[in-house]
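Hi,

Here is the structure I promised to pass on to you. Have a look at it first, and then read on for what turned up in it.

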Amino acid sequence: MGEAPPGKPSAVKPPDDRLDSWKAIAAYLKRDVTTVQRWEKREGMPVHRHLHDKGGSVYALTAEIDAWLRDRRLRSEEEQQESHEETPVVAAADSARKWRPRADSWLILAGMVVLALVAVAYVMFRSRPGHAARPQIRALAVLPLTNLSGDPTQQYLADGMTEALTGRLSQIHNLRVISRTSVMRFRDPKQSAPQIAQALGVDAIVEGSVMREGNRIRVTAQLIRGATDDHLWSATYDRDFQNVLGLESDLAQSIAEKVKVTVTGEEQKRLAAARAVSPEVYEDYLKGWYNLNGNTYTQAGIEKSIGYFEEAVKRDPTFAPAYMGLADSYADLGTVFIGVSPQEARRKEMSAVQKALEIDPDLAEAHVVLGDLHVREWHWAEAEAEYKRALQLNPNEANAYGGLAWWLLCQGRTDEALDWANRGRELDPLTVYGADIGWMLFQSRRYDEAVHELRGVLAVRPNDAAALWYIGFVRVAQNRPGDAIPVLERALVISKRSPGVIGVLIAAYAN
């Protein structure tokens, strides 16, 4: 199985001896649902099924589970003991022989024995099922960690830990890591590990769970080879919440070691970087990102995120990631929504990103945002330098690819822009850059391709005002105002009457 046996279940049993769902069984064993389902299938863990008119359900009895655990642990110990038993050897028989061959005969005999042993060892090695070199893991995805706290309001913690782990692993040049946004559709996966790996185009996946009890946090993770569903490694980390960044660092380093990827000294230093952070600061930070990354993508959601990030920097002015949250929030607010003027949003965005870089000059995402700001000011050389610096620090920073794509588009190099945007989308398969690519296709006058791309964005984010706005542009350019007006009117409502949307809507009405 490749997994360490689970620890002894808590001595405090639930009021009822019966566990009435996969989630309850997983919580009792302190594992995730995928793992316990695998144990039931492959190791005969006692799980009962109750069939009824509307389908079926599962349940388990804690007494049976405990007995199975004891038996499983005993079998493991017996196997280990057998593997360490010494093979009997022939001792004094040879010395008791009455004759002794000549020295040269001994040399010939010894040589023949050595050759025979080498041949036997080679044949045995070749015959081993796993002797063939396994493909190297070059691409990885961290699936959304499961929230096992029993409290749905703690989902922000599981999502935040998923993003943090993804971010740390993304700093490794020799490992392609799929972005958080692309793995979120597998929060409650119905597919197997091989199916998920194939869908994301990766060699291995990391899955696990997060459980918080007061100021303690427990993270369980396992590394699975995508093609074969083999478990390569699993571990449980139990820490004080104040040391959560150290937990993330240790977890990332363990995974990097297990995938046997080459890590440079500088990358190792960044992987190991950790500092203490108060639980209140980190909670505000995670809640800020949880709201900013929400599917609603509304002005109210962004402003709520700003409130959380501002509280985090107020509590700890040296926590650079919180300033990056503020910068990203103001970038979104000033681009489409009219919560503040675009100029004021840009000023606040610049202030936040500069503060983040003062604290940590190696924040790749901060260099991306600074590059975006330079593009808006038409500082082309500075923008290019920031994007390239971001990719030096984090070769998996999809936003840097997107930024360079926009930079190239502004230079009139549309084909190169599309190439860079598509390279970014390899790290973000769920069309995170679909709206950008749609706009680039529009600029290339590839109108039908642009509409197809933008509709793909709206299938994932129905309230993406930018995608709706760009479709309006395309339909006006195609002289199809009847198709442009409905999507532009919808974009107008979502964007709170953005002047840019109003301008295109006027053009559509005029046609």
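Before the pocket, a word on terms: Ala, Val, Leu, Ile, Met, Phe, Trp, Tyr, Cys and Pro count as nonpolar, Asp, Glu, Lys and Arg as charged, and the others, Gly among them, as polar. Please also keep in mind that this is a predicted model.

With those classes, the lining of the second largest pocket divides into 11 nonpolar, eight polar and 10 charged residues. This pocket has a volume of about 760 Å³, and of its 29 lining residues, Val33, Thr34, Gln37, Pro189 and Glu207 lie nearest the centre. Two or more lining residues come from each of helix H2 (33-42), strand E5 (146-147), helix H7 (193-200) and strand E7 (204-213). H2 gives the largest share, six residues.

Next, helix H8. Its 15 residues (244-258) should span 21 Å at 1.5 Å a residue, and the end C-alpha atoms are 21 Å apart, which agrees. H8 is mostly covered, with 11 of its 15 residues buried; among them are Val244, Leu245, Glu248 and Ile255. After H8 comes Lys260, with a positive phi near 60 degrees.

Ile255 also belongs to the largest nonpolar core, which has 63 residues; together with Met161, Leu169, Ile217 and Tyr282, Ile255 is among those with the most contacts inside it. Helix H12 (residues 320-335) gives the most to this core, eight residues. Leaving aside residues up to four places away in sequence, Tyr282 touches Ala164, Phe241, Val244, Leu245, Glu248, Val277 and Phe319. Another core, of 48 residues, lies apart from this one and includes Leu454, Ala465, Leu468 and Val487.

Enjoy exploring!

Conventions: Residues are numbered from 1 along each chain as its sequence is written. This is a predicted model: local features need pLDDT of at least 70, side-chain atom pairs count only at pLDDT 80 or more; totals for chains, interfaces and linings use all residues. Side-chain values use heavy atoms; hydrogens and water are left out. On a 1 Å grid over the protein atoms alone, a cavity is a set of points where a 1.4 Å probe fits but cannot get out, and a pocket is an open set with protein on both sides within 12 Å along at least five of seven lines; lining residues have an atom within 4 Å of a point. Grid points are joined across faces, edges and corners, and a volume is the space filled by probe spheres set on the points. Helices (H or I, at least four residues) and strands (E, at least two) are DSSP runs, numbered from the N terminus. The expected span of a helix is 1.5 Å times one less than its number of residues. Buried means under 20% relative accessible area, exposed over 50%, partly exposed in between (1.4 Å probe, protein chains only). A nonpolar core is a set of buried Ala, Val, Leu, Ile, Met, Phe, Trp, Tyr and Cys residues joined through side-chain atoms within 4.5 Å. Contact means heavy atoms within 4.5 Å.
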